Amino acid sequence: VSSLEGQVLETIGEGSADLKDGNFSSATFNNPQGLAIIGRHVYVADTGNHAIRDLDMDSRSVKTILDTSRVTLSSPWDLTYLDGILYLAMAGIHQIWDIDLTDMKALPFAGSGTEGIIDGTYRDAQLAQPSGIVAHGDKIFFADSETSSIRFIDLHLAKRVKTIIGEGLFDFGDVDGKSGEVKLQHPLALSIQNEYLYITDTYNNKIKRISIDTGETNTIAGSGRSGFKNGTWDRSSFYEPGGIEIHKNKIYVADTNNHAIRIIDLESWDVGYIDFTWID
């Protein structure tokens, strides 16, 4: 846990790959990925443990709320929250699940469980390794990584899964432009601001922006070559970025294979990084 300026305030987890509840210093995780913050609780997709964990920031404790002893979790990757429900991208079985926080009941919500890219009703649609997920208005947007696509679930009248970008299970590339022309390569994470989706186009080593209304897509950072280089948006480089979040006028990127947090300024479009400092 750090401030936006890079001051490390808290470390949660003992450091070994295991599944153990307890206080912040003794609890263990295994390859945790996405999270959702609700009040003073942080819900974590503990991917390697196939579990959902609850970090209570007041009691400074970690508790497992769902694991394979209760339900068939398989590589849960990311979480988002809307109206009392946690929506969970279940990458391992190609579905979106929902978790009712009043009783912690978890059920499949969207996706038949068959890997593919077919739009349709919640239960008939085919997904392929959904990873990053974010709620916005009456829609749940997600990165469907194996189809290199960006899709959404309409929670309102249509009640269907629809695709913004993406065409086939093994159809990928690096092409910006209008919706029907765009190709991505294994996007893993997304965030949203002002009717734009910001995504990590992970295997292309780029950050891209997608219009929710039209699907038009543009690269906003990254040359496409793997590396660690700051500077202007077109000369900067990343190495398989896997997480993204927006706060005010800055984009924060988990640049996974560089083991770094990068910052993109939404006014200048320059790319920098956080120089972390530990405080007592």
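Strand 5 and strand 6 (residues 61–66) form a hairpin with 4 residues between them, and R60 in that turn has a positive phi of about 55°. Strands here are DSSP runs of E with at least two residues, numbered from the N terminus. The model is predicted, so local features need pLDDT of at least 70 and side-chain atom pairs count only at pLDDT 80 or more, while totals for chains, interfaces and linings use all residues. Residues are numbered from 1 along each chain as its sequence is written, and side-chain values use heavy atoms, with hydrogens and water left out.

**Strand 5 and its partners**

Strand 5 and strand 6 pair in the antiparallel sense over 5 bridges; two strands count as paired if DSSP finds at least two bridges between them. Within this pairing, R53 has T64 of strand 6 as its bridge partner. On the other hairpin, strand 4 (residues 41–46) joins strand 5 through 6 bridges, again in the antiparallel sense. There, Y43 has D54 in strand 5 as its bridge partner. Strand 4 and strand 5 also have 4 residues between them, and H50 in this turn shows a positive phi of about 50°.

How many of the 6 residues of strand 5 are buried? For strand 5 (residues 51–56) the count is 6 of the 6, so this strand is largely enclosed by the rest of the structure. Buried means under 20% relative accessible area, exposed means over 50%, and partly exposed lies in between (1.4 Å probe, protein chains only). A51, R53 and L55 point one way from strand 5, whereas I52, D54 and D56 point the other way, and all are buried.

**An open sheet**

Strands of a sheet pair through backbone hydrogen bonds, either parallel or antiparallel. An open sheet of 5 strands follows the order 11-15-14-13-12 with antiparallel pairing. Strand 11 (120–121) and strand 12 (130–136) stand at the edges with a single partner strand each, so one side of each is left without a neighbour in the sheet. Strand 11 is joined to strand 15 (residues 160–165) by 2 bridges, and the two run antiparallel. In this pair, T121 stands opposite R160 of strand 15.

R151 belongs to strand 14 and is buried, with a relative accessible area of 0%. The side chain of R151 makes a polar contact of 2.9 Å with the side chain of D119. A polar contact is a pair of N or O atoms within 3.5 Å; within protein, one must be able to donate a hydrogen and the other to accept it, and residues adjacent in sequence count only if both atoms are side-chain atoms.

**Three threonines in loops**

The table sets out the accessibility of three loop residues.

| Residue | Loop | Relative accessible area |
|---|---|---|
| T28 | between strand 2 (22–23) and strand 3 (32–38) | 2%, buried |
| T68 | between strand 6 and strand 7 (76–82) | 51%, exposed |
| T147 | between strand 13 (139–144) and strand 14 (149–154) | 0%, buried |

The side chain of T28 has two backbone partners: a polar atom of this side chain lies 3.2 Å from the backbone oxygen of D18, and the side chain reaches the backbone nitrogen of K20 at 2.9 Å. Leaving aside neighbours within four places in sequence, T28 is in contact (heavy atoms within 4.5 Å) with E14, S16, D18, L19, K20, D46 and R53. The C-alpha atoms of T28 and R209 are separated by 35 Å, and these residues are 181 residues apart along the chain.

With neighbours within four places in sequence again left aside, T68 is in contact with H50 and L73. The C-alpha atoms of T68 and P130, 62 residues apart along the chain, are separated by 19 Å.

The side chain of T147 reaches the backbone oxygen of D144 at 3.1 Å. Beyond its neighbours within four places in sequence, T147 is in contact with G116, I117, A128, G168, L169 and D171.

**The cavity**

T147 is also one of the residues that line the largest cavity, together with S148, I165, G166, E167, D171, V182, K183 and L184. On a 1 Å grid over the protein atoms alone, a cavity is a set of points where a 1.4 Å probe fits but cannot get out, and lining residues have an atom within 4 Å of a point. A search of the whole structure finds 1 cavity of 30 Å³ or more. About 50 Å³ of space lies in the largest cavity, where grid points are joined across faces, edges and corners and a volume is the space filled by probe spheres set on the points. The lining divides into 3 nonpolar, 3 polar and 3 charged residues. In this division, Ala, Val, Leu, Ile, Met, Phe, Trp, Tyr, Cys and Pro count as nonpolar, Asp, Glu, Lys and Arg as charged, and the others, Gly among them, as polar.

Notes. On a 1 Å grid over the protein atoms alone, a cavity is a set of points where a 1.4 Å probe fits but cannot get out, and a pocket is an open set with protein on both sides within 12 Å along at least five of seven lines; lining residues have an atom within 4 Å of a point.
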